[in-house]
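Subject: Structure handover and notes

Dear colleague,

I am passing on the structure below for you to look at alongside my notes. Please open it before reading further, as the notes refer to it throughout.

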Amino acid sequence: MDVSKLRRRSLRAGIAVPLSVALLLLLALVYPGLALPGSTFEGSDGNLVVNTAGNTDWSNAPNRVRGDDVPSGTGDNAFGQGTKEDDENVSVVTGSIPPNKSDLTRFYVANEFANNSNYLYLAWERSNVLGSANMDFEINQKTQPNLTTTGPKTLNRTAGDLLITFDFTNGGGNPVLGLLKWVTSGPTSQCFSRNALPCWGNRVNLSAAGFAEGAVNTSTVDDPIAGVSLPGLTFGEAAVNLTAAGVFGSTCEAFASAFLKSRSSASFPAEVKDFVAPRPVSISNCGTITIHKITENGDSTFDYTTTGALTPATFSLSNGGTRTYSDVVAGSYSVTESAPPAGWTLKSLECTATGDGTSVTPSDATASITMAGGGTVDCTYTNHINLKPTIATKLSAEPAPTTRRMPAPRPSPTATCPTPTRSPSTTRGPSTGRPSTAATPTTTGPPAPARARSWSSTKTSPR
Ligand SMILES: [Ca+2]
Ligand SMILES: [Ca+2]
Ligand SMILES: [Ca+2]
């Protein structure tokens, strides 16, 4: 874009620019702990503790995972033999970290779903005080090989895996954060550095786009998790809005592994040296909703409606039935049981939720759900119908035939059948020719034929 175009655009944006500056100033006032808009994680204040009540930082980071390097020195593992970022086939060696390169000690990864966005938080620590920092966080969908032993290894990469670059020069202000995705097909023009597939694709400057921010500590800070004190320039952190960066959208993505590497210079194709071995993580934009149905005293078909674009939007359940929605993209949803069939009432709606940021609120026939990545919500609707006393009374008046139809000692589906403790022959004495009123099971249990119908309908209609 030439200068005149820029000038015209600036003039057009003459009002918007001061407004955005004012908004940034306002955000700085609202979030003095320096958090990425939409997140309350203090990801660019250069320390690990909460400075503003209500915020989070590494000390209480959501879904925090920690990776520790082996001790510095001759036993420390690193990549060797010219390993670069684009290489899937790497070589693990020991004792080869140059003294003028970052000697990593630890990393942290955390993530959360907040304000309709998935946020990723990253931190590195190193043992040496160097002016520049060139770190890469590799985040993979699949589990990685064991990098804690030496020798040749093949990284288990998948198209769409993430590499987040963290480049910092002391005196150069804030770190520059970049995002690259692993590319396995298509033209090589997608490659950022290498001229062949597979490769890390073209880098997005997350910092310039406003999708990420970070900091390096300028003075000594404490790491309360590892219990260490970190001199200036030995700790770096970043917060990334993965939704804004386009990593997460309307389809489900899940990452299972993360590790940290140091590049030997700001140049992307520079050799990678020290690393902190991969650790399992759970970074995803999707969760699971499960609805169970239980009925009492019979069975029927119950209808449900949903909001939030679940597919299918409506469904029906009978006793023992389950509807599972896997791959539910983080967001707001609800499930509502429609008015039950005649005679039935909704006895209870009980729900549980797991996962940071995932919650469910049952109210009447509606479960209101906030789903975060990796979350689960499980609800059970229990419906009840009263037994009709008219039938019971009528049956109790019937003599012998009822008695004969009672399935007394049948061995088959007795597991779900509340078998009477007394046999029909004893409850309905043949001496009188008719059952005694006291022995008639009118209130303690349903009469035999009615219950038999209930069983058969449950078993033969698996809707
Ligand atoms: Ca911080
Ligand atoms: Ca802080
Ligand atoms: Ca190492």
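What follows is a description of the chain as a whole, then of some of its strands and one loop.

Please bear in mind from the start that this is a predicted model. The chain contains seven helices and 26 strands, and 37% of its 463 residues count as buried. Among the contacts with a sequence separation of 6 or more, 64% are made by residues that lie 24 or more positions apart.

The part I looked at first is an open sheet of five strands, which are arranged in the order β20-β19-β22-β25-β24 and pair in the antiparallel sense. The edges are taken by β20 (314–317) and β24 (359–363), and because each of these has a single partner strand, one side of each is left without a neighbour in the sheet. From one strand to the next, the twist averages 20°. At the β24 edge, the partner is β25 (residues 366–371), and five bridges hold the antiparallel pairing of β24 with β25; within this pairing, Pro 362 is found opposite Ala 367 of β25.

A second region worth your attention is centred on strand β4, which spans residues 104–114. Ten of the eleven residues of β4 are buried, and the strand is therefore largely enclosed by the rest of the structure. Strand β1 (residues 65–68) runs antiparallel to β4 and is joined to it by four bridges, with Gly 67 standing opposite Phe 107 of β4. Strand β4 also pairs with β5 (residues 117–126), again in the antiparallel sense, and here there are ten bridges, one of the partnerships being that of Leu 104 with Arg 126 in β5. The strands β4 and β5 make a hairpin in which two residues lie between them, and Asn 115, which is in the turn, has a positive phi of about 50°.

Finally, there is a loop that you may wish to view separately. It connects β8 (162–169) with β9 (176–183), and Gly 171 lies within it. Is Gly 171 buried or exposed? With 7 other C-beta atoms within 10 Å, Gly 171 is exposed, since a residue counts as exposed when that number is 12 or fewer. Gly 171 is 39 residues away from Ser 132 in sequence, while the C-alpha atoms of Gly 171 and Ser 132 are 9.2 Å apart in space.

With best regards

Definitions and conventions:
Residues are numbered from 1 along each chain as its sequence is written. Chains are lettered from A and ligands numbered from 1 in the order in which they are written. This is a predicted model: local features need pLDDT of at least 70, side-chain atom pairs count only at pLDDT 80 or more; totals for chains, interfaces and linings use all residues. Two strands pair if DSSP finds at least two bridges between them. Axes are lines fitted to C-alpha atoms, for helices over the stretch in contact, and angles run from 0 to 180 degrees between N-to-C directions. A residue is buried if 20 or more other C-beta atoms lie within 10 Å of its own, exposed if 12 or fewer, and partly exposed in between; C-beta atoms are placed from the backbone. Two residues are in contact if their C-beta atoms, placed from the backbone, lie within 7 Å.
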